[in-house]
Amino acid sequence: MGWWLSEKCTLKALSMSSIFGKLIDIFNGIINQRIQSKASSASNDVLDAFLNLTKENNQEWSCSDVIHVLVDVFVAGTDATSDTIEWAMAELLQNPETMVKAQRELQEVLGKDGIVQESDISKLPYLQAIVKETFRLHPPAPLLVPHKAETDVEICGSTVPKNSQVLINAWAIGRDPSTWSNPNAFVPERFLGRDIDVKGRDFELIPFGAGRRICLGLILAHRMVHLILASLLHSYAWKLDDGMKPEDMDMNEKLGFTLQKAQPLRAIPIKV
Ligand code: HEM
C-alpha cells in the first residue's frame, strides 16, 4: 500500500511537472515572439511592462522570472473562475425555480435581446446573491493557500507559534451552522438586503482570502464570473443531459488544484 501510494504520488508529480513544462514552453514562445516583433509593434501591455523591467534591472528580474509569474497568474486565474461558473450552473439546474428567478431579473433589466455589460452587474442583485451563495458553498480554494506565522500570534486566547503553517478552512466557515441557517442548502435569498460581500471585509465569507495576501485577481474574477453567468442565463434556457432529473444530479466535490465537481456538469443550452 505504501509503495502504491508513493508510486502514485511520483506519477502525479511527473505529470504536473510535464504540464508546467508545457506551459513554460508556451510562455517562452510568446515572449520570444514579442521580443522579435517589438521593433515594429507599438503594443504596451503587461508583458511589455515585465520585459521593460528585465531591461532596466536585468540582474534582479530575468525572463525566467517573467515566465514564472505568468505561469502563477495563469494557474491561479483559470480553474477557480471556471469551477465557480460550473458550480453556479449546477446549483441552478438543481434548483430550477432559482434559475427562473435569475432569468426573469435579467430579462427585466436587459430586455429580451440585450447583451450583458459590466455596468449591468450592479443592477442585478439576485444574480449577485447567486454568485455569493455559490462562493459560500463551493469556495474554489477551500483552504485558501497556506500561510505562515512570522511571529508568535495570540488569537482568541490561543497562541499560534512562530513558523506555524496556517490553513484557513473557508469551506467550513461558509457552512458553519452558528453563522448560516440551513447551511448546506443553496438559498441566494439569504444575501438579499444584507451588506455582506466576498471582498475580504466579512470574515464569514472569504473565498478570495482577506488581508495583505488576498487574491490579486479578485476584481477581474468577480467581474468575469458575473458576466459569464449572466450571459449563459440570458442567452439560453438550460436542461440536463440525458433526461436526468435535478434530484439525481451528483453534487459531490473533488479536490484537485481547486475544489471541482467530481462529475463534470453536462447541460444542454437551448436558444431562447
Ligand atoms: C473565482 C476566482 C478566484 C478565486 C475564488 C480565487 C481565490 C484565491 C485565494 C483564496 C487566494 C489565496 C488568498 C489567501 O491565502 O488569503 C488567491 C491568491 C491568488 N490569486 Fe486568486 N482567485 C480567483 C481568481 C484569480 C484570478 C482570475 C487571478 C489572476 C488573474 C488570480 C490570481 C491570484 C494570485 C496571483 C494569488 C496569490 C496572491 C499572493 O500570494 O499574494 N486569482 N486567490
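This text leads through the surroundings of the ligand and then turns to a patch on the surface. The model is predicted.

The ligand is a convenient place to begin. Around it stand 22 residues, and those that come nearest are Val145, His147, Pro207, Arg213 and Cys215. Three of these residues can be followed down to single atoms. In His147, a polar side-chain atom lies 2.6 Å from an oxygen atom of the ligand. Arg213 also approaches through its side chain, where an N or O atom is 2.5 Å from an oxygen atom of the ligand. For Val145 the backbone takes this place: one of its N or O atoms lies 3.5 Å from a ligand oxygen atom.

The shell as a whole may be described by its chemical character and by the helices that build it. Its residues divide into 15 nonpolar, 6 polar and 1 charged. Helix α3, which covers residues 63–94, and helix α7, which covers residues 218–235, each supply at least two residues of this shell. The largest share comes from α3, with 6 residues.

Helix α7 also leads to the surface of the model, for Ile228 is found in this helix. Together with Leu220 and Met224, Ile228 makes a nonpolar surface patch of about 260 Å². Why can Ile228 be called partly exposed? The relative accessible area of Ile228 is 32%, and the term applies because this value falls between the limit of 20% for buried residues and that of 50% for exposed ones. Membership of a patch requires over 30% relative accessible area, a condition that Ile228 meets with its 32%.

Technical notes: Residues numbered from 1 in each chain as written. Predicted model: local features only at pLDDT ≥ 70, side-chain atom pairs only at ≥ 80, totals over all residues. Heavy atoms only, no water. Near = heavy atom within 4 Å. Polar contact = N/O pair within 3.5 Å; in protein donor to acceptor, adjacent residues only side chain to side chain. Helix = DSSP H or I, 4+ residues; strand = E, 2+ residues; numbered from the N terminus. Nonpolar A, V, L, I, M, F, W, Y, C, P; charged D, E, K, R; others polar. Patch = residues over 30% accessible without salt bridge, like charges linked within 9 Å, V, L, I, M, F, W, Y side chains within 5 Å. Areas by Shrake-Rupley, 256 points an atom, 1.4 Å probe, with all protein chains shown as cover. Salt bridge = Lys/Arg side-chain N within 4 Å of Asp/Glu carboxyl O. Buried < 20%, exposed > 50% of the residue type's maximum accessible area, 1.4 Å probe, protein only.
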